[in-house]
Amino acid sequence: MKNVFSKMAFVALLLFVTSAFSQSVSGNVTSDTGPLPGVNIIVKGSTVGATTDFDGNFTIKASANDVLVFSYLGYKTQEVNINGQTRLSVFMEEDTGVLDEIVIVGYGQTQNKRSVTTSISTVSTKQLEELPVQRAEAALQGTVPGVVVVQTSGSPGAPLTIRMRGIGSPNASNPLYIVDGLPVTDLQYLNSADIQSYSLLKDAAATAIYGARGGNGVVLVQTKRGKDTDGKLKVSVSGFYGTQSLGNKPDIMNASQYAQYYNEGVALAGGNPPNGLRGAFSDSELASLPDTDWYDAIFDDAPIRNTSVSIIGGNDRVKYALAGGIFDQDGIVGGNQDKANFRRENYRGNVDMNITENFKLSTSFDFSDYGSRFVSLNNGGTGVALMNYINALPSIYPIYAENGEIFNMGRQNPAPVYNGVTLNTIGAVTNPIWSLDIQNNRAQSNVKLISAAANWEPVSGLSLNASFSDYRVRTTNESFTPFLEHPEQTFTTLGNVNYSGNITTFNRDQVTLTAQYDLGQHIDDNHSLRVLGGYEVLEDRLEIGDNIRVNAPDIDPTGFGDLSIGSLSESDLDALNAIVNPGAIAETALISYFGKLDYNFKEKYLASFTIRNDRSSNFGPNNRSGWFPAASAGWVISEESFLENTDAINLLKLRASWGISGQDASPRNLAFKSTVNSNISTGYGGTPGVVLTGLANPDLKWEEITSANIGLDLNAFNNSFGLTVDYYIKKTSDILLQANTPLATGLNPSVVNVGDVENRGFEIMTSYRKNNPDGFSWNAAFNIGFNTNEVTNLGANGQALEGGFTGQLFADPITLTAVGHPVSSFYGYEVEGIDAAGNLLFKDLDGVGLDKTQPTIGDKTFIGNPLPDFTYGINLGASYKGFDFSAFFYGSQGNDIFDATIRYDAIGSNRPVRYLQDNAPKNIVLGGTNGEQLVSDFHVQDGSFLKLKNIALGYTLPESISKKIRAEKIRVYVSGQNLLVITGYEGVDPEIGQSSANNMLDMGIDRGFYPQAEQILFGFQLGF
């Protein structure tokens, strides 16, 4: 008994001593990129451990003389002696030989790449710094497989379209943008210098946590936040200045070539051309005419500049970040005339406060003001088809008449004359200088984003979060046609001088509550189990203001002047006899519940389960609620005993996922209700009333996007080589389309769930990095994404969807979305040859035609696909003794372009040089009677291309020089963008997207594309 008491006394003494020397140690772990979540911390020689939270904070029980080991994939492992301290600040250095990374998976959750079981791609801070992009979305082009980023125009401020794993619906295929937890409409307001990283959620198992909004993929943007800098300010200043120019001109006929081609057409017409056209040009007449290069006449070199400043600092209690930037870009068309430019000013900041050891508050604000002046983009319309006219006008026409007025090639009585030579009247096109002069369009947007969040950890492992965000966008759109007159050329805007404008406001409020609990602490060290639950309310209000139109021949004949929608009062409108078209208000709301469970056993066997319920006001009570489940699993093969001692393989993981996400983008809001028109004044015997205009559909429900994915991740050779492979099938069902309502009813079509679209694809991403002892390092990365798009169902009585209307250029629509074919496929006639008279000969596919120059509607078929078979990106980099080099190539293969730049409706218009060949159409003087005016594969070209999107050479000054001006970093660089294009397309730019950001039925049609400019930039990066 005495021995027992002695042993108990010894144990009690040991526990007392251990307790006396044990303490609670807390701290923060950061890196160059900010706080590091998910860092593993262990007391050396024990099993006591902890993990940093989302803000890099940790707490661990340890003795005063213990050593803490900090490890994190992608960073060098560190050992830190406590030495009696109770608060530690640990800075971890990136291991440049490691390719693993932290992945943001949404709602404040992060995972190490090793434990991710879904398809998620990332773009890091270092990659962003190497790409001096003007729009935040541009950093995603070619850097991530399966993500296609295309410009709708090269004009300053023009939007970009992003498609993840193909087009799933003709309604909307834009991904969901989440910036610091808040969904925003686009990333235009962001300065790319403020972005910390991107995470792109591509499969349904990754996006299901966002439910109805994540069907087209999710782009998670993490911006830069404050750091623990021991109270010191960290100031960064960066910027660039450069020039832009036209990189490529199409090979169209010059004056002598045009005259030769025209004269051949006159000969084919028997020397007596119809339509009032003149005869052949003589050598003496040609000598009196100019040889105008219309591209040189319109395109100018233009400047581009950007400046960004950020201040980051803090301590263990408060961290803060402030940033601001100004970006200016003039257009290479209209920039010098103040007709095409873009300017953005942005100011942002955030503060993170540790109120107590377990309670934190965070606040953020973002103010951005951006606007553009722009010319009509990719348009074939009368008077404004600026880019179209450049291709259409023959070089024999001058820019200016002999008296200095803008030359009018459309003048009829008398016909246009220059240097005594009578020219043909070309009425369907106009002088592009005139078109530029009459266009005055501007859009100005103001973005305000304010958010606040609180985090409370009442007990170990439990994290409670609450956040509120308010996002507001106010956009003013205005256009003005000034009074201009050239009397001898009969050019005048008299009678068309007018102003129009409207203001659109969009408000979004979001409240999110989440609880996250680490159950793994109650299990042994072999098991990790985290659960997340959440509740969210999202309210949107879109107010499209009244459209104001003023016929204003007597008000400021040269510009907008005092006419501004924001300053016109009701009395002003009355005095101006303004026409006011009422606007509209649309309010929608979304209420959501969601949950997620992540489990792994020994970081070897992984599983994740997600469920979300969304209730949308866009649907009626019958189907207002939608459920979106997902599951994924992973097997880290490299942790198995047969591979754990293999030096060559650092990570080998097989993963698979399945899930359902959705979309509620209806052709009209509240489509489950009937629509009425209350503006009926005489419909009931002269008595005002209300009439039914559209039928209700109370059974309307969500579009569902079901996705399955299988993937493989490999890191090898001391993590210097990385490979990721994915195969996916994504099917969109119950697409929201307008029904075919009989015309006899007099009703607008109702919205119904009908139609399926399937996307299948294969993605590969590989990279290699090598660091040599002599200081030379290099890296290379390649990614490629294949995708096949097919419409599989449009309903029992569903009709194919037409698109690609061009007005006077082609009478028929160019695209058709039909079962068995990709969305927005080109649809028309097939050309099998050209006869001796220069007429196109069309294939007789229905077997009823007698004249191959006059096809019937039954001869139409699918003639091209604007979607690429695959896209790819190549990234190269190297550094040595302060010098760094990078190059980025982006390519697209298999996409077709419909060339709508040739104006067959304008008799006598210009043609490409290839028309001089023997097998080309010759009937230029007969206009559109030779078949060129029909939609056919004669106009379809291979749009495949490879572009050198960016190449840069930089130099970082040695620290000995930087420190003399108290700087931590001084880097200067020169960069070139779009310097090389390899393509078979004859137009000015093969990178042609949609006609507008939300029109999925009009892609790959070149009506006169505003090309992307070649840029030479000189930049700097300073850190203090």
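Two strands count as paired if DSSP finds at least two bridges between them. Keep that in mind for the strands below.

This is a predicted model. The chain has a mean pLDDT of 85, and 89% of its residues reach 70 or more. Two stretches fall short. Residues 1-21 have pLDDT below 50, and beyond near neighbours in sequence this stretch makes 3 contacts in the model. Residues 96-100 are also below 50, with 25 contacts beyond near neighbours in sequence. Where pLDDT is low, the predicted coordinates should not be read in detail.

Now turn to strand S55, residues 945-956. S55 pairs with strand S52 (residues 883-893) in the antiparallel sense, over 10 bridges. One partnership to find on screen is Asp884 with Gly954 of S55. S55 also pairs with strand S56, residues 969-983. That pairing is antiparallel too, and it runs over 11 bridges. Here, Lys947 has Val981 of S56 as its bridge partner.

Next comes the surface. A nonpolar patch of about 850 Å² is made by Leu876, Phe883, Phe885, Leu953, Val974, Leu979, Leu980, Ile982, Ile1016 and Phe1018. Three elements give two or more residues to this patch: S52, S56 and strand S58 (1014-1023). Which of them gives the most to the nonpolar patch? S56 does, with 4 residues. Ile982 belongs to the patch, and its place is in S56.

A general point helps when viewing these strands. In a regular strand the side chains alternate between the two faces of the sheet.

Note on methods. Residues numbered from 1 in each chain as written. Predicted model: local features only at pLDDT ≥ 70, side-chain atom pairs only at ≥ 80, totals over all residues. Heavy atoms only, no water. pLDDT = per-residue confidence, 0-100. Contact = heavy atoms within 4.5 Å. Patch = residues over 30% accessible without salt bridge, like charges linked within 9 Å, V, L, I, M, F, W, Y side chains within 5 Å. Areas by Shrake-Rupley, 256 points an atom, 1.4 Å probe, with all protein chains shown as cover. Salt bridge = Lys/Arg side-chain N within 4 Å of Asp/Glu carboxyl O.
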